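Me: I should be grateful for a close examination of a single part of this structure, namely one helix and its surroundings. Please set out the account as connected prose.

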Amino acid sequence: MVQVNPGFIDQVGQAKTFNAAACMNCGVCSAVCPMGIELLPRKLFRYVLLGMEDKVRDNSATIYSCLLCKMCEVNCPAGVHIAENVRTLRYYLYK
Ligand code: SF4
Ligand code: SF4
């Protein structure tokens, strides 16, 4: 069963650095990622926006495997701050 935490996006977004609403699920980020990370941001960021905290925690390893190289970010047609979002999620998980 999936548990939804409606306050999750507020908790993650406290630093005002989480920005994923503009994502149009085009897949460019996954295609250029040197780590082959398919989950970020198309699914994982969506989990955050939907308050699916358990799903985000279940994928902590993926969040920590990101190199923060920004290859995805510079190629994103929607200007999503992907690396900054990953940093914000890491901070939240660490807490
Ligand atoms: S490249 Fe940008 S718009 Fe496309 S799926 Fe990735 S984050 Fe979303
Ligand atoms: S910042 Fe992370 S998700 Fe983006 S291309 Fe680099 S390793 Fe992949």
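Reply: The model is a predicted one, and a suitable place to begin is its largest nonpolar core. That core holds 21 residues, of which L40, V48 and I82 touch the most other members. The elements that contribute two or more residues to this core are α3 (44-49) and α7. In soluble globular proteins, nonpolar side chains tend to be buried together.

The helix chosen here is α7, which spans residues 82-94. It has 13 residues and reaches 18 Å from its first C-alpha to its last, close to the 18 Å expected at 1.5 Å a residue. Within α7, the buried residues are I82, N85, V86, T88, L89 and Y92. They lie on the same side of α7 because the arc they cover around the axis is only 160°. The cover over these buried residues includes α1 (8-12), α2 (28-32), α3, α4 (53-58), α5 (60-65) and α6.

I82 merits separate attention. Apart from its neighbours within four places in sequence, I82 is in contact with C29, L40, P41, C72, E73 and C76. Two of these partners, C29 and C76, are among the residues that come nearest to ligand 1, while C72 is among those that come nearest to ligand 2.

The helix also takes part in a ligand environment. α7 and α6 (71-75) each supply at least two residues of the shell around ligand 2. Of the 14 residues around ligand 2, C33, C66, C69, M71 and C72 come nearest. By class, this shell comprises 13 nonpolar residues, one charged residue and no polar residues. The shell around ligand 1, by comparison, divides into 11 nonpolar, two polar and one charged.

Terms used. Residues are numbered from 1 along each chain as its sequence is written. Chains are lettered from A and ligands numbered from 1 in the order in which they are written. This is a predicted model: local features need pLDDT of at least 70, side-chain atom pairs count only at pLDDT 80 or more; totals for chains, interfaces and linings use all residues. A residue is near a molecule or strand if its C-beta atom, placed from the backbone, lies within 6 Å of it. Ala, Val, Leu, Ile, Met, Phe, Trp, Tyr, Cys and Pro count as nonpolar, Asp, Glu, Lys and Arg as charged, and the others, Gly among them, as polar. Helices (H or I, at least four residues) and strands (E, at least two) are DSSP runs, numbered from the N terminus. A nonpolar core is a set of buried Ala, Val, Leu, Ile, Met, Phe, Trp, Tyr and Cys residues joined through C-beta atoms within 7 Å. A residue is buried if 20 or more other C-beta atoms lie within 10 Å of its own, exposed if 12 or fewer, and partly exposed in between; C-beta atoms are placed from the backbone. Two residues are in contact if their C-beta atoms, placed from the backbone, lie within 7 Å. The expected span of a helix is 1.5 Å times one less than its number of residues. The arc is that of the directions from the helix axis to the C-beta atoms.
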